[in-house]
Amino acid sequence: VKEGAEEVDEWFDKLPYVKQKVTKLHFFFHDRFAGKHNITAVRVAHGPDTDKSPTSFGLVFIMDDPLTERMNPTSKELGRAQGLYAFSGQHELSLLMSFNLVFTTGEFNGSTLTVLGRNPAVLHREMPIVGGSGVFRMARGVASAKLRSFNMTTVFMGEVDQAFIQSIEHRANLDTIEIEGIPLIDLSLSHTTDINLLVSEIGNACQNWGFFQVINHGVPLELLEKIKVAAKAFFDQPVEEKRKVKRDEVNAMGYHESEHTKNVRDWKEVFDFLINDPSFLPASPETEDDEIRTLSNQWPETPPQFREVCQTYAREVEKLGYKLLELISLSLGLPSNRLNGYFEDHTTMMRLNHYPPCPFPELALGVGRHKDAGALTIVAQDDIGGLQVRRKSDEVWVPVKPTPNALVINVGDTIQVWSNEAYESVEHRVVVNSERERFSIPVFFFPSHYVMVKPLEELVNEGSPPKYKPYNFGKFFVARNRSDYKKLEVQNIQISDFKII
Ligand SMILES: O=C(O)CCC(=O)C(=O)O
Ligand SMILES: [Fe+2]
């Protein structure tokens, strides 16, 4: 067709004498809206409550998506789909699509078709073609779209799939709630004469919450800053670099990007290492198998200071761990060093967690609900927030408010058993958001693998009999970890399996 104002007039003059023509076009449309590279659609606007809406109501994307000849995204490009889509359903997933198909090759080069319609994001969608330009002047028609593959290849998370989707009852409520949070305890009190005051604060926090935050904890604040910088620098590297220290079922230490909690994949990537390198664990959970496996760390070559900062930080947190174990022992009415012996060959592990922004924070979790299997966990977190604790009194999910310079402490399963349930290991999880990445650094205090965990003798008597059968820590731990790597069909082992009813 000839372009230009007069040419268009001429074209109109001839219009009564030409026949309508049917053209069928077929191509593949690639919309990449998540990931770090090759993004073709960007989030440009959202409403005040979009993140809380299960249908992302109010969200707007602008796209410039390639149209290709074949399904393979690297096959010949025929044109682009340029325009926007807006999440316009309050009660169901429904997109308003408004875009131009801009053809860039062959006989249609330079011509466009305009699509304006509703996309209910089901398998088959039908949208009106409301006009066109060039060879498609006065076009009318129907765009039939069919979903062929939903593989958002996000460079940092691998493939996004159903594995991330939580069942409805476990999805996050992203409303910001102002409720009484976990206690904040000032550990500088341990230097005063009245240590009993501190001991009772710790005891109350363990009993009522299973979670608390501490300030003046003795871990140097500049080290806390350094470890956060090191974590970011490590995760900021290309995935190929991180995979050089990838963990596997034989060596469980190193980088990992597809951990599962309760058989749903977590929206996170992690780096794990042992404070005692090497450490020892049973080779298998089978009771008759007494083979012991050596676990050792894998350190990346970059970032340069990474290893040193990690190890220095871990040693400082280890000191705090012993201090807390002593305060907890005292709070149970036991000698301060009562628990220390269980940690002679401890298998304590430190983890760097990175939670990238998640395009569907209402469906996925950074870490699914779980209880920590060890004795004690000490977590450093940044200022983003996301950790939530299931409050014992009413089972409401309570956010752990990021507090400057504080560390988050929680009691794990092992202390629940030692204390014969005076202190319970509380369920917690991490919610993600679509805007900002989050980092957290837990240190999990695990006893020596050969420790038989059971209620402490001093805490049981005729009136309060032991609530758990003894179990071997290493065997329990190895059995629990099996589900980290893959989706199991059954619920994994829990301390409740050792409960005496
Ligand atoms: O990221 C956090 O704040 C806590 C993570 C956690 O609970 C865990 O890794 O066990
Ligand atoms: Fe945890």
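**Notebook: predicted model, local features**

I looked for disulfides first and the structure holds zero. The model is a predicted one. I then checked two cysteines for burial. Cys310 has 0% relative accessibility, so I entered Cys310 as buried. Cys358 is at 1% and is buried as well.

**Iron site**

Next I looked up the iron ion (ligand 2). Its protein donors are His370 through NE2, Asp372 through OD and His428 through NE2, at 2.1 to 2.2 Å from the ion. Along the chain I read their spacing as H-x1-D-x55-H. I also took the accessibility of two of these donors. His370 is at 15% relative accessibility, and because buried means under 20%, His370 goes down as buried. Asp372, at 5%, is buried too.

**Aromatic pairs**

I searched the whole structure for aromatic pairs and got 32. For Trp11 and Phe12 I noted ring centres 5.3 Å apart and planes at 90°, so I filed this pair as edge-to-face. Trp11 is partly exposed at 22% relative accessibility. Phe12 is partly exposed with a relative accessible area of 41%.

I also looked at Phe446 and Phe477. Their ring centres are 4.4 Å apart and the planes stand at 55°, so the pair is tilted. This pair links distant parts of the chain, 31 residues apart: Phe446 sits in the loop between strand 26 (438-445) and strand 27 (452-453), and Phe477 in helix 7 (residues 473-485). I have Phe446 as buried at 5% and Phe477 as buried at 8%.

One aromatic cluster went into the notes with its members: Phe234, Phe235, Tyr255, Phe271, Phe273, Trp299, Phe306 and Phe439.

**Surface patch**

I found a nonpolar patch on the surface formed by Ile39, Val42, Val44 and Ile62, with about 290 Å² of accessible area together. From this patch I looked up Val42, which lies in strand 2 (residues 41-45). At 43% relative accessibility, Val42 is partly exposed.

**Prolines**

Which peptide bonds did I record as cis? One joins Asp277 and Pro278, with omega about 5°. The other entry is the bond from Thr302 to Pro303, where omega is near -5°. Pro278 is in the loop between strand 16 (269-274) and strand 17 (279-282). Pro303 is in the loop between strand 18 (292-295) and helix 5 (306-331).

I took Pro220 separately. I placed Pro220 in the loop between strand 12 (211-215) and helix 3 (221-235). Its relative accessible area is 26%, so Pro220 is partly exposed. From C-alpha to C-alpha, Pro220 and Glu316 are 7.9 Å apart in space, with their positions 96 residues apart in sequence.

**Positive phi**

I then noted two residues other than glycine with positive phi. Met138 has phi of about 65°. Met138 lies in the loop between strand 7 (124-133) and strand 8 (141-146). With a relative accessible area of 53%, Met138 is exposed.

Asn216 has phi near 50°. I placed Asn216 in the loop between strand 12 and helix 3, the loop in which I had found Pro220. Is Asn216 exposed, partly exposed or buried? I have Asn216 at 47% relative accessible area, hence partly exposed.

Conventions: Residues are numbered from 1 along each chain as its sequence is written. Chains are lettered from A and ligands numbered from 1 in the order in which they are written. This is a predicted model: local features need pLDDT of at least 70, side-chain atom pairs count only at pLDDT 80 or more; totals for chains, interfaces and linings use all residues. Side-chain values use heavy atoms; hydrogens and water are left out. Donors are N, O and S atoms within 2.8 Å of the metal (3.2 Å for Na, K and Ca); water is not among the atoms, so sites may look incomplete. Buried means under 20% relative accessible area, exposed over 50%, partly exposed in between (1.4 Å probe, protein chains only). A disulfide is a pair of cysteine sulfur atoms within 2.5 Å. Patches are made of residues with over 30% relative accessible area and no salt bridge: like charges are joined within 9 Å, nonpolar side chains (Val, Leu, Ile, Met, Phe, Trp, Tyr) within 5 Å. Accessible areas come from the Shrake-Rupley method with a 1.4 Å probe; for residues, only the protein chains shown count as cover. A salt bridge is a side-chain nitrogen of Lys or Arg within 4 Å of a carboxyl oxygen of Asp or Glu. Helices (H or I, at least four residues) and strands (E, at least two) are DSSP runs, numbered from the N terminus. Rings of Phe, Tyr and Trp (its six-membered ring) pair if their centres lie within 6.5 Å; planes under 30 degrees apart count as stacked, over 60 as edge-to-face and the rest as tilted.
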